[in-house]
Amino acid sequence: MKINHSKIKETNRKRIIKLLLEENEITKLDISRELDISITTVSTNINELKEEAIVEDVRSVESTGGRKAIAIRIDENCRYSMGVALTPKHIKISLVNLKKKIVESMRVRHNNEGMENIINLIKENIEQMLKEKNISTDKLLGIGFSIPGIVDSDTGVIKYCYFLGIKSFDLKQHFEYLNTPIYVDNEANLSAFYEFLDKKHVQDNLLYVSITDGLGLGIVINGKIYRGNNNASGEMGHMKIEIDGKQCKCGSRGCLEGYVSKNALVEGYNEAAKIKILDIDDFEQKYLSKDDLAIGILHKYLKNLALGISNLIMILDPNSVIIGGDINDLLKDNMDDLRKFIYKDNLFTNESNCNIKVADFTESYLLGAAMLPIEEFLEIK
Ligand SMILES: [Zn+2]
């Protein structure tokens, strides 16, 4: 009985907070009507939330009954959440408030000289951001970390990340001194999670194909991140597309990543060109200036990407595939071709069943990481 009682109490509290986040200002009476919770219970909860400085009175408004009533609203800056993304070259940090608005963002380059240096750099920057914004850790709902590798999200251990040259690295342990919940997850999982939260009503079975230095995949099935039995789901980059093909960073050969990461475009260009290019920005410039070689290489690239995505659709039958990462503009320019290649030999589904699009954000993973503590705060269990 006791357990049920506290569960009901917790559920009521979370439902009230969720409603307050949706509404700008609302009276207790309207909360009671909207959620079908007694006015006494609403009052008790509101008083508690006021004590915790989560909600505040605003002004008198005409209530639906015609009497004057005090409206209340949530103080969106009463709690914060932080996302930290570790990429092969950068540390990116975003601070968001309870309404998921970005309050502060920063990025800093790291020289990838060992995890100790990287951890210290992250600590320094987290502490500095909190200090500058005058936020104590008791106002922080938690920190979510995005990692471009295989992560055990239950323990916060990075199991394997070849970009950072680490195996079995306990990331969570390094940040426990901050006394705030720490979440660690894979980059593509977090991008998929963010896209799902952004458009919950239309897509609950979605794939997020993440094209960066590597090629990752986040899978959301029925609104939940699918991690697999061993936290190793979504290793799309290491699906083999050519026997004895290109050497891959994982040690194997013929992995899709070798043909479809952003570096594949640069490498492909440099293998055939007389004058070499430096990076993906150079490639994009060549493409925009209608360089025949760049156009041909992108065409071949799109066919390989389509092959990978088409195979995934055959297995998982999602309602959306979102592609995002570092080459969004190149892809946006070529979506008709990409869709055509994906569905060309697929007799089982088509564009009207599964929508394929390019992500609106380039850093969904960072926002996804920042959303983890907020979702945990609001989740009714
Ligand atoms: Zn591989």
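Cysteine 255 is buried in this predicted model, with a relative accessibility of 1%, and its SG atom is one of the protein donors of the zinc ion. The other protein donors are His238, through ND1, and Cys248 and Cys250, each through SG, and the donors lie 2.0 to 2.4 Å from the zinc ion. Along the chain, these residues follow the spacing H-x9-C-x1-C-x4-C. The arrangement of the four donor atoms is tetrahedral, because the angles they subtend around the zinc ion run from 105 to 118°. For four tetrahedral donors, the ideal angle at a metal is 109.5 degrees. Among the donor residues, Cys250 is partly exposed, its relative accessible area being 32%.

Cysteine 161 is likewise buried, at 1% relative accessibility. Its sulfur lies 13 Å from the closest cysteine sulfur, that of cysteine 248, and this distance is too far for a bond. With a disulfide taken as a pair of cysteine sulfur atoms within 2.5 Å, the count of disulfides comes to zero.

Burial can also be followed in helix α2, which spans residues 28–35 and in which Ile31, Ser32 and Leu35 are buried. These three residues are placed on the same side of α2, because they cover an arc of only 100° around the axis. In an α-helix there are 3.6 residues a turn, so residues three or four places apart point the same way. The residue that follows α2 is aspartate 36, which has a positive phi, near 55°.

How values were computed:
Residues are numbered from 1 along each chain as its sequence is written. This is a predicted model: local features need pLDDT of at least 70, side-chain atom pairs count only at pLDDT 80 or more; totals for chains, interfaces and linings use all residues. Side-chain values use heavy atoms; hydrogens and water are left out. Buried means under 20% relative accessible area, exposed over 50%, partly exposed in between (1.4 Å probe, protein chains only). Donors are N, O and S atoms within 2.8 Å of the metal (3.2 Å for Na, K and Ca); water is not among the atoms, so sites may look incomplete. Four donors count as tetrahedral if all angles lie between 85 and 135 degrees; four count as square planar and six as octahedral if opposite donors are over 155 degrees apart and all others between 65 and 115; anything else is irregular. Helices (H or I, at least four residues) and strands (E, at least two) are DSSP runs, numbered from the N terminus. The arc is that of the directions from the helix axis to the C-beta atoms.
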